[in-house]
Amino acid sequence: MTVTLVHDFPFDPSYGRTLDDLLRIPVPGGPEDFDDFWRAQYRAALEVAPEPEVGRLVEERDGVRVFEVSYASVGGVRVGGWLVLPAEGPAEHGFVIGHGYGGRDAVGPEVPLPLPRSAAILPCVRGMGERSLLPGVPSVSSEHVLHGIASRESYVIGGCVADLWTAATALLELVPELGELGGGGPRLGYLGESFGGGLGALALPWDERFAAGQLTVPTFGNHPLRLTLEMTGSGAAVRRHHAAHPEVADVLPYFDAATAATRVRVPTLVAAALFDPSVPPPGQFAVFNGLGDGRELHVLEAGHFEWGGVDAERDRLDGAVRKFFGRVLG
């Protein structure tokens, strides 16, 4: 059965797919040089000295202190965000936490962190949120998602992924004890929702500092299919742009989160929705379907949609995330 929720969209946000249908959504293989492209992007990010600067203490709650932070990333840009540190004692776990396509203006439900005695960095990727506004880079999602889309080298999504890698470097520099926890190296966790989920899928395969990932309603999955589906949000902007500029179909495969998922080698929990008007469920499930051993699925009734059960569903997901990271990182 498909999910039935009352809505006023001019299309069906479940796209007529049952859970069984969604678990059979195919995964694009990607360009032949997909791996080479992303490994080069990662190497360039590792060469950046982040020179992190910790700013004012914003708040103290739930056993942590929250500070403003900024750091350097690829392309000579400097981005901002928040640093979360244990209020007492050393950090025993570390997280990089991505954000949705609305950006973030403060640390909200990300705290409490999934595990106690943790440190985290919550970056605002380039162009998003007041902390990372940049000249010439749109801050509105429907425009940001098109910035530089004419080529794989200039597309802003590549820079946003790099901002996550350099955030990890900055976190390890600011909290050096995290680099000593894994014996063979750092064992960070990544969390990201929607835009941050798609970026996470693109970031995880190449960075061995991450030992686990959690992606909620991840975007950018199966671009060829997404381009055929009506939706709201940033995906609609890409679909309209593609209709006028079909040549971008040569660029988008390099930024397909489902293709990247086939390269992920760490335990990954995906929370995918059966109903979502902004990020079509077929794309979300394509990301999950691309994962190999160690994948886990948490099915949501709906994403990007307010309905009567949303708070209870969020509580269940929070519990699943804590259990997941407690097992794979704890």
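In the predicted model, Ile-157 is in contact with Tyr-101, Phe-195, Leu-199, Leu-202, Phe-220 and Phe-255, when its neighbours within four places in sequence are left aside. Ile-157 also belongs to the largest nonpolar core, which comprises 82 residues. Together with Trp-38, Tyr-155, Trp-165 and Leu-199, Ile-157 is among the residues that touch the most other members of this core. The greatest contribution comes from helix α4, formed by residues 156-174, which supplies 12 residues to the core. Another core lies apart from this one and holds 27 residues, including Trp-82, Val-111, Ala-211 and Val-321.

Helix α2, which runs through residues 34-46, was examined for its length and its burial. At 1.5 Å a residue, the 13 residues of α2 should span 18 Å, and the end C-alpha atoms are 19 Å apart, in agreement with that expectation. The expected span is obtained from one less than the number of residues, because that is how it is defined. The buried residues of α2 are Phe-34, Asp-35, Phe-37, Trp-38, Tyr-42 and Ala-45. Viewed down the axis of α2, these buried residues fall within an arc of 165°, so they line one face of the helix. An α-helix has 3.6 residues a turn, so residues three or four places apart point the same way. The cover over the buried residues of α2 includes α4, α5 (195-203) and α8 (257-261). One of these buried residues, Trp-38, is also among the core members that touch the most others.

Helix α9, spanning residues 281-290, is mostly covered, with 10 of its 10 residues buried. The buried residues of α9 include Pro-281, Pro-282 and Gly-283 at the start of the list, followed by Gln-284, Phe-285, Ala-286 and Val-287. Phe-288, Asn-289 and Gly-290 are likewise buried. Two of these residues, Phe-288 and Asn-289, are in contact with Arg-295.

Arg-295 is placed in strand β9, which covers residues 295-300. With a relative accessible area of 36%, Arg-295 is partly exposed, because this class lies between the 20% limit for buried residues and the 50% limit for exposed ones. Beyond its neighbours within four places in sequence, Arg-295 is in contact with Thr-268, Phe-288 and Asn-289. The side chain of Arg-295 reaches the backbone oxygen of Phe-288 at 3.2 Å. A polar atom of the same side chain of Arg-295 lies 3.4 Å from the backbone oxygen of Asn-289. Arg-295 and Gln-214 are separated by 81 residues in sequence, yet their C-alpha atoms are 9.8 Å apart in space.

A further pairing across the sequence involves Pro-205, which is located in the loop between α5 and β7 (210-216). Pro-205 has a relative accessible area of 18% and is buried, because buried means under 20%. Although Pro-205 and Val-266 are 61 residues apart in sequence, the distance between their C-alpha atoms is 8.2 Å. Not counting residues up to four places away in sequence, Pro-205 touches Ala-260, Arg-263 and Val-264.

Two serines were considered next. Ser-73 lies in the loop between β2 (64-72) and β3 (78-86), and its relative accessibility of 3% makes it count as buried. Leaving aside neighbours within four places in sequence, the contacts of Ser-73 are Val-48, Arg-126, Ala-162, Asp-163 and Thr-166. With Arg-126, the side chain of Ser-73 also forms a polar contact of 3.3 Å between side chains. Ser-14 is found in the segment before α1 (19-22), where it counts as buried at 1% relative accessibility. The side chains of Ser-14 and Asp-12 are joined by a polar contact of 2.8 Å.

The structure holds 0 disulfides. Cys-124 is in no disulfide, and the nearest cysteine sulfur, which belongs to Cys-160, is 11 Å away. A disulfide requires two cysteine sulfur atoms within 2.5 Å, so a separation beyond that limit does not qualify. Cys-160 is likewise in no disulfide, its nearest cysteine sulfur being that of Cys-124. Cys-124 is buried, with a relative accessible area of 0%, and Cys-160 also counts as buried at 0% relative accessibility.

Note on methods. Residues are numbered from 1 along each chain as its sequence is written. This is a predicted model: local features need pLDDT of at least 70, side-chain atom pairs count only at pLDDT 80 or more; totals for chains, interfaces and linings use all residues. Side-chain values use heavy atoms; hydrogens and water are left out. A nonpolar core is a set of buried Ala, Val, Leu, Ile, Met, Phe, Trp, Tyr and Cys residues joined through side-chain atoms within 4.5 Å. Buried means under 20% relative accessible area, exposed over 50%, partly exposed in between (1.4 Å probe, protein chains only). Helices (H or I, at least four residues) and strands (E, at least two) are DSSP runs, numbered from the N terminus. Contact means heavy atoms within 4.5 Å. The arc is that of the directions from the helix axis to the C-beta atoms. A polar contact is a pair of N or O atoms within 3.5 Å; within protein, one must be able to donate a hydrogen and the other to accept it, and residues adjacent in sequence count only if both atoms are side-chain atoms.
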